[in-house]
Each structure stands twice: as C-alpha cells, then as structure tokens.
Amino acid sequence: SLNLTTATLTSICNDFLQKGIIQCSDEVLNEEVKVGRKKFPLQINVNYKYVISIDIRKENAFVSITNLQGDVLSQILVPMLNPANPETFFKQITQLCKDMINLCHLTNSDILGIGISIIGPVDQENGISLNSFNIFTEKEVNLSDYLKNEFPFPVTVESNVSSYLNGELLFGKIDNYRNILC
C-alpha cells in the first residue's frame, strides 16, 4: 500500500493526463448518479511512446518497434553469421534501428528505450551477455555499450527466458495460474 491521499492521486493523474501518458477511456462507469463529474476509467496511452526490441538468437535476430501494448509497427529479421563480430553486428543493428524509426515516422524522443534479449546468462545491471554461446566471437559481450553511445534513450539487456516470461505475464493468457512454469 502506497498510502497516497485522493488529492495526491488526482494530482499525479492530472499530470499524467496532461503529458499524454494516460487517457480517459471511452467507457463510462455505471454508478449511481452522484454530485460531481462522471467517473471515466483511465488507461495507459499505448501510443505515448514506443519500444525497440532486439531478440538475438543463434540463427538470426529480430528487431522490432512496438507500442506500449506490444503491437508491432515494424519488424525485420536479421540473419546471423556464427560467430558474429559484435562490433560489426551492432553497427548493422544501429543503422537498422535508425532506419526503422524513420520508416515509422518517429523521432528519438518518441522512443522509450531499447530492450535486448539473448540466450544465456546476463548481467542486467551492466548490459553484458556473460556467455554468448558462440553467437559472437567473444564469450562476454557488453551489448548495451554498443547502442548506448548511438541513442539518447535507455538500453536494457535481459536473458531470453526472462524476456519471454515477462512478455507472457504482460500480454499472454496466464491469468488463472500461480506458476507460469507449470
């Protein structure tokens, strides 16, 4: 429990509404008519910002731009040379991301961040793949460094298993399960 007052919540919501982060739903709550304005549910503005995802696999990498609901605006499959030189690979990925941003008529300020997923263990705090399993010529690769210098938004790195499970939790059909691994 955050113990926020109604006034604090109203202030936060008004700020988020003004910035376009949230918006009023078209749905009106069916409640008894009371004094004051009608209550409209609030919802995340799924087009407030967009996310670039880079899913690195052994045979290929998927690069996509999605809205906050996961709807794909643009996606491309990039074949992998095994093992790939990380610098060469990320130069190609950087240019693809820039091209995709332009293709979607977006600017860097429209992008919330980049998420990279890769097989194997990762150091999320530092953006390092700890064992690239021969995807790259080096065993440990600082994935986020290659992109942090090219873009003004955050870059995060996650193992593909964590990424897939988080995606299932956010967008999947696991509502009635206590354990996603069952």
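What is the volume of the largest pocket? It comes to about 750 Å³, a volume being the space filled by probe spheres set on grid points that are joined across faces, edges and corners. A pocket is found on a 1 Å grid over the protein atoms alone, as an open set of points where a 1.4 Å probe fits, with protein on both sides within 12 Å along at least five of seven lines, and lining residues are those with an atom within 4 Å of a point.

Before going on, I should say that this is a predicted model, in which local features need pLDDT of at least 70 and side-chain atom pairs count only at pLDDT 80 or more, while totals for chains, interfaces and linings use all residues. Residues are numbered from 1 along each chain as its sequence is written, and side-chain values use heavy atoms, with hydrogens and water left out.

Let me begin with the overall layout. The protein has four helices and 10 strands, taken as DSSP runs numbered from the N terminus, with helices being H or I of at least four residues and strands E of at least two. Read from the N terminus on, the order is α-β-β-β-β-β-α-β-β-β-β-α-β-α. Of the 182 residues, 31% are buried, where buried means under 20% relative accessible area with a 1.4 Å probe and protein chains only.

Now to the sheet. Five strands form an open sheet in the order 5-4-3-6-10, with mixed pairing, and two strands count as paired if DSSP finds at least two bridges between them. The edges are strand 5 and strand 10, each of which pairs on one side only. Neighbouring strands are turned by 15° against each other on average, direction ignored; the axes are lines fitted to C-alpha atoms, for helices over the stretch in contact, and angles run from 0 to 180 degrees between N-to-C directions. Helix 2, residues 86-103, packs on this sheet and touches strand 3, strand 4, strand 5 and strand 6, its direction making about 155° with that of strand 5, and contact here means heavy atoms within 4.5 Å.

Going through the pairs, strand 4 and strand 5 run antiparallel and are joined by seven bridges, with Val63 opposite Ile76 in strand 5. These two strands form a hairpin with four residues between them, and Gly70 in the turn has a positive phi of about 90°. Strand 3 and strand 4 also pair in the antiparallel sense, over seven bridges, and Ser53 has Ser64 in strand 4 as its bridge partner. Seven of the eight residues of strand 4 are buried, so strand 4 is largely enclosed by the rest of the structure.

On the other side of strand 3, seven bridges join it to strand 6 in parallel, and Ile52 stands opposite Ile114 in strand 6. Strand 6 in turn runs parallel to strand 10, joined by five bridges, and Ser117 is partnered by Glu158 in strand 10.

Which residues, finally, lie nearest the centre of the largest pocket? They are Ser53, Thr66, Ser163, Gly167 and Phe171, out of 27 that line the pocket. Helix 4 gives the most to this lining, with six residues, and helix 4 lies across strand 3, strand 6 and strand 10, running at about 100° to strand 10. By class, the lining has 11 nonpolar, 14 polar and two charged residues, where Ala, Val, Leu, Ile, Met, Phe, Trp, Tyr, Cys and Pro count as nonpolar, Asp, Glu, Lys and Arg as charged, and the others, Gly among them, as polar.

Definitions and conventions
Buried means under 20% relative accessible area, exposed over 50%, partly exposed in between (1.4 Å probe, protein chains only).
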